[in-house]
Amino acid sequence: MYVYQLLRCVKRVGSIGVTTKRIPHYTHLFMKHLSASNVLRSPKRNSPYSSVDSERYSSLVKCVVSARVSSQTPETLEEENNHIYGPVVKSQMPSTKSEPRVPKRLHPFLNCDGTHVTLDPECGPPARILLERGQGKSSVPSVTRILQHTLSPEQIFYLERWKRRMVADLGEEGFKEYSLNLFRQGKLFHTSVEDILTSDATGEDKTFMETSGYPSEVEGYMESISHILEDISGVRAIESAVQHGTLNYRGVVDCVACYRGVLCVIDWKTSEKPKPYLSNTYDNPLQVAAYAGALNNDVNYKYQVENGLIVVAYKDGSPAHAHLLSSELVLEYWEKWLVRLEDFVEKT
C-alpha cells in the first residue's frame, strides 16, 4: 500500500513539471532498494542450451535457417521416382475368382450295365492286381500324372514357392535327400498298413503289431492311425490296380474296405502339418473319385463303390484325421476330375 502511494506521488510531481532531482533522497533510496530486491527475488533461469557451443553449430544453424522450403508434394515425388526408377510393379497372387467349370461330357460314375454283384464284405481274400508296366501300357496315363499336368496357376504358385523355400533352407542336395526320405517313409507306411489289413489277426494282435515290428520311421504314423484301424473291416482290395477302359486312365488304389460299415475307397496320406479340413487335402478328393470311378468300370471288380475316405497320418503320433466323402460329395469331385481329364487330353 505504501509503495502504491509513493508511486502516485512521483507521478503527480512529474505531471507538474518537477524533475526527479527534486524528489526526496529517501525516495531514490527506496526505488534502488526495490529494484535490487526484485533482482534477488527473481533469479534468472539457466537455459538448457547455455552450455552448447554456439560457434561450433553456427554453420548448421545458418544452413537450416537459410534453406529453401521444398515445393514438392507426395504426388510430384512419386512422379519423379517413376521417371527415374520406373513404376512400381506389385506382385499379385493368381486370381481364383472364376466360374466353376463343368465337363463337356458327363460320363457315368457307376457302371449301369448290371454285371456287377454285391459281395459279402467278409468273403474271400482282398484283391491285389499288379499294375502292368510292359510294352504299350505307358500310353495309358495314371491319375497322378493327369493331376500333376493340370494344376491351376494358384496351385503352381504355392508349389513353386514352397519348393524355393525348402531349397533356400536345405540347399539343392538337401532338398533332394528330403524328398527321397519322404518317398521312402510313405512306402514303408503303406507296407505297414498293408501288413495289418491283410493279416488274419484278432483285434488284440493288431494292437501288438501296431506298436512293434515296424521301422522307426513309421512308428509315429502307425500310432497316429491306430484309432482309424479299429473302424476298418471287410477289406476287399489292397494296393490294387484299377483302369477305366472308356476314359483311358489307370491307377493303384490304396485300399477298398468298410469304414464304420460304409464301403469306401481309402487313400492313406502322411503329413508333417495338421490337415483337419477336407480343403487341406488339395487334390486328394479328386484322386479318390478317379480311383472309385475306374474301379466301378473295371471288369476285374464285381462290385460298386460310392464313398471315399482320406486318412491323414502324422509322424509325431498325434491322432490322424479321417475325411469321409459321402456318395454325393464323391459325385461332385467326379465332375471336377472329368474337367481335369479333359484338360489333360487337350494338352497332350
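The following questions and answers concern a predicted model and take up its cysteines, its paired strands and its salt bridges.

Me: How many disulfides does the count come to?
Reply: A disulfide requires two cysteine sulfur atoms within 2.5 Å, and for C255 the nearest cysteine sulfur, that of C264, is 9.5 Å away. The sulfur of C264 has its closest cysteine sulfur in C258, at 7.5 Å, which is too far for a bond. By this rule, the number of disulfides is zero.

Me: Is C264 buried or exposed?
Reply: A residue counts as buried when its relative accessible area is under 20%. For C264 the relative accessibility is 0%, and therefore this cysteine is classed as buried.

Me: In which sense do β3 and strand β4 pair, parallel or antiparallel?
Reply: Strand β3 spans residues 262-271, and seven of its 10 residues are buried. Its pairing with strand β2 (residues 249-259) is antiparallel and rests on five bridges, whereas between β3 and β4 (residues 307-314) there are eight bridges, one partnership being that of D267 with I310. The chain passes from β3 to β4 through helix α10 (residues 284-296) in a right-handed β-α-β crossover. The sense in which β3 and β4 pair is parallel.

Me: Which residue takes a positive phi in the hairpin of β2 and β3?
Reply: Across the two strands, Y259 stands opposite V262 in β3. The hairpin has two residues between its strands, and the one with a positive phi, near 55°, is R260.

Me: Which residue forms a salt bridge with E194?
Reply: E194 belongs to helix α6 (residues 153-197), and its partner lies 66 residues apart from it, in the loop between α4 and α5. E194 counts as buried because its relative accessibility is 16%, while the partner, with a relative accessible area of 45%, is partly exposed. The closest N and O atoms of the pair are 1.8 Å apart, and the residue asked for is R128.

Me: How many residues apart in sequence are the parts that D283 and R340 tie together?
Reply: The two residues form a salt bridge in which the closest N and O atoms are 3.0 Å apart. D283 is buried, with a relative accessible area of 14%, and R340 likewise counts as buried, at 10% relative accessibility. Because D283 lies in the loop between β3 and α10 and R340 in helix α11, the parts they tie together are apart in sequence by 57 residues.

Definitions and conventions: Residues are numbered from 1 along each chain as its sequence is written. This is a predicted model: local features need pLDDT of at least 70, side-chain atom pairs count only at pLDDT 80 or more; totals for chains, interfaces and linings use all residues. Side-chain values use heavy atoms; hydrogens and water are left out. Buried means under 20% relative accessible area, exposed over 50%, partly exposed in between (1.4 Å probe, protein chains only). Helices (H or I, at least four residues) and strands (E, at least two) are DSSP runs, numbered from the N terminus. Two strands pair if DSSP finds at least two bridges between them. A crossover is right-handed if, with the strands pointing away from the viewer, the path from the first strand over the helix to the second runs clockwise. A salt bridge is a side-chain nitrogen of Lys or Arg within 4 Å of a carboxyl oxygen of Asp or Glu.
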